[in-house]
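Welcome, and take a moment to turn the model around before reading on. The paragraphs below lead you through it step by step.

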Amino acid sequence: MLRFCLRWRGALLDVRTYVSMATDSADARVLLRVAPDEYVAERARLVKQARAEGDRTRADFYRSLKHPNLSLWAVLAAGDDAEAVNGIVSATAELAKIQAGGSDSAALSTASMNRRTELEALVDRAVSALARWERGAEARRAEIRGMVDQLSRHADVVEGWIDATLRDLPDDAWGFGAFADVEVTAGNQPATPRPKNAKPRVGGRQTASAPPDDSPVMPTRAERTARTRQARQDVAAAKRDLAATERRVDSARKAVREAEKEMRVAEAEQTAAEERLDKAAADLATLSG
């Protein structure tokens with residue numbers, strides 16, 4: 001059995017509180033009711049509509065929402081089921097409580113199974129939401145699962161998850177598996193660590209022979225833990241960079257479309273000006289003759 005470490009922020013809040021917060025006139029969830037590739041256009045439409053109605057606050061709200069990548073879009077879409085979000089966050093909190101309390105392996109196993117059930121149910125919901133618009137939704141299941149797994153550890157982001165205003169994943173350098181190499185006995189008590197240079201035992205007694213000098217040097221548990229933590233940080237950083245790049249691409253595409261529109265307007269105005277010049281020149285020639 002493995003013992004894990006979980007960082008938990010604050011107590012779980014009632015989902016009804018979050019639901020009430022998401023009922024304002026500015027609703028970020030409307031941006032998830034169109035296809036992901038129509039997100040930017042729909043956001044621009046909502047901003048324009050709010051400005052036309054003189055609602056500057058609502059216009060600024062929509063303009064502030066960053067375009068999520070496809071996997072995060074799916075996770076946000078699944079957040080329309082507040083009970084499902086509350087279920088995975090509650091299951092994660094319960095597992096953390098049992099781990100911290102040093103309960104027996106049976107309680108830990110049950111809590112882990114309950115959390116896995118809640119997690120997979122929400123992942124299925126997210127994949128299904130994305131599959132309505134994207135053929136490759138299933139290929140993103142692993143990334144979606146990782147996002148749900150990460151978000152479930154942070155009670156402070158539940159509000160943004162449910163009302164769909166969340167756009168950046170929390171820093172998750174610590175979490176399940178951070179101490180995955182710590183051995184635990186059947187009674188869930190840490191096993192007595194063996195000295196680093198302990199000789200192998202035979203029949204309960206240490207042998208006199210030492211390991212050969214040319215034996216491979218294996219990384220220590222602390223080193224493996226540090227490497228695992230760094231790898232998780234690298235993955236999280238890469239995901240953030242990818243999301244930022246996708247947002248810049250979307251912004252550039254929008255700028256190109258707007259520039260093309262302005263160019264068409266300018267070309268039409270140029271043509272009209274040339275026609276007016278030709279007519280005026282003809283009139284002048286007639287008068288001069």
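In which helix does Ala-50 lie? Ala-50 belongs to helix H2, and it makes a good starting point for a walk through this predicted model. Ala-50 is buried, with a relative accessible area of 0%. Leaving aside neighbours within four places in sequence, Ala-50 is in contact with Asp-55, Arg-58 and Ala-59. A little further along the chain comes Asp-60: Ala-50 and Asp-60 are 10 residues apart in sequence, and their C-alpha atoms are 8.9 Å apart in space.

Let us step back to the whole protein for a moment. Its secondary structure comes to 9 helices and 2 strands. Starting at the N terminus, the elements follow the order α-α-α-α-α-α-α-α-β-β-α. Of the 289 residues, 33% are buried. The protein exposes about 17,800 Å², and carbon and sulfur atoms supply 54% of that area. The chain also brings distant parts of its sequence into contact: among contacts between residues at least 6 apart in sequence, 74% join residues at least 24 apart.

Now return to helix H2, where you will also find Leu-46. With a relative accessible area of 7%, Leu-46 is buried because that value falls under the 20% cut-off. Not counting residues up to four places away in sequence, Leu-46 touches Val-30, Leu-31 and Tyr-62. Val-30 is 16 residues away from Leu-46 along the chain, and the C-alpha atoms of the two are separated by 9.5 Å.

Tyr-62 leads us on to helix H3. Which residues of H3 are buried? They are Arg-58, Ala-59 and Tyr-62. These residues cover an arc of only 100° around the axis, so they sit on the same side of H3. What covers them includes H2. This fits the contacts already met, with Ala-50 touching Arg-58 and Ala-59, and Leu-46 touching Tyr-62.

Next, look for the nonpolar residues inside the protein. In soluble globular proteins, nonpolar side chains tend to be buried together. Here the largest nonpolar core has 43 residues, and those with the most contacts inside it are Val-75, Leu-122, Ile-144, Val-148 and Trp-161. Helices H2, H3 (56-64), H4 (70-78), H5 (82-101), H6 (105-131), H7 (141-151) and H8 (158-163) each supply at least two residues of this core. Leu-122 shows how such residues meet: leaving aside neighbours within four places in sequence, it is in contact with Ala-78, Ala-84, Val-85, Ile-88, Val-148 and Trp-161.

Trp-161 also takes us to a charged residue. Where does Arg-29 sit? Arg-29 is found in the loop between helix H1 (15-21) and helix H2 (39-52). Beyond its neighbours within four places in sequence, Arg-29 is in contact with Leu-76, Ala-77, Gly-79, Asp-80, Trp-161, Ile-162, Asp-163 and Ala-164. Arg-29 is buried yet has no salt bridge. The nearest side chain of opposite charge, that of Asp-80, is 5.0 Å away, and a salt bridge would need a nitrogen and a carboxyl oxygen within 4 Å.

Our last stop is Ala-164, one of the residues in contact with Arg-29. Ala-164 has its place in the loop between H8 and strand S1 (201-202). Is Ala-164 buried or exposed? Ala-164 is buried, with a relative accessible area of 0%. Its phi is near 70°, a positive value in a residue other than glycine.

Technical notes: Residues numbered from 1 in each chain as written. Predicted model: local features only at pLDDT ≥ 70, side-chain atom pairs only at ≥ 80, totals over all residues. Heavy atoms only, no water. Helix = DSSP H or I, 4+ residues; strand = E, 2+ residues; numbered from the N terminus. Buried < 20%, exposed > 50% of the residue type's maximum accessible area, 1.4 Å probe, protein only. Contact = heavy atoms within 4.5 Å. Areas by Shrake-Rupley, 256 points an atom, 1.4 Å probe, with all protein chains shown as cover. Lys, Arg positive; Asp, Glu negative; His and termini not counted. Core = buried A, V, L, I, M, F, W, Y, C linked by side-chain atoms within 4.5 Å. Arc of directions from axis to C-beta.
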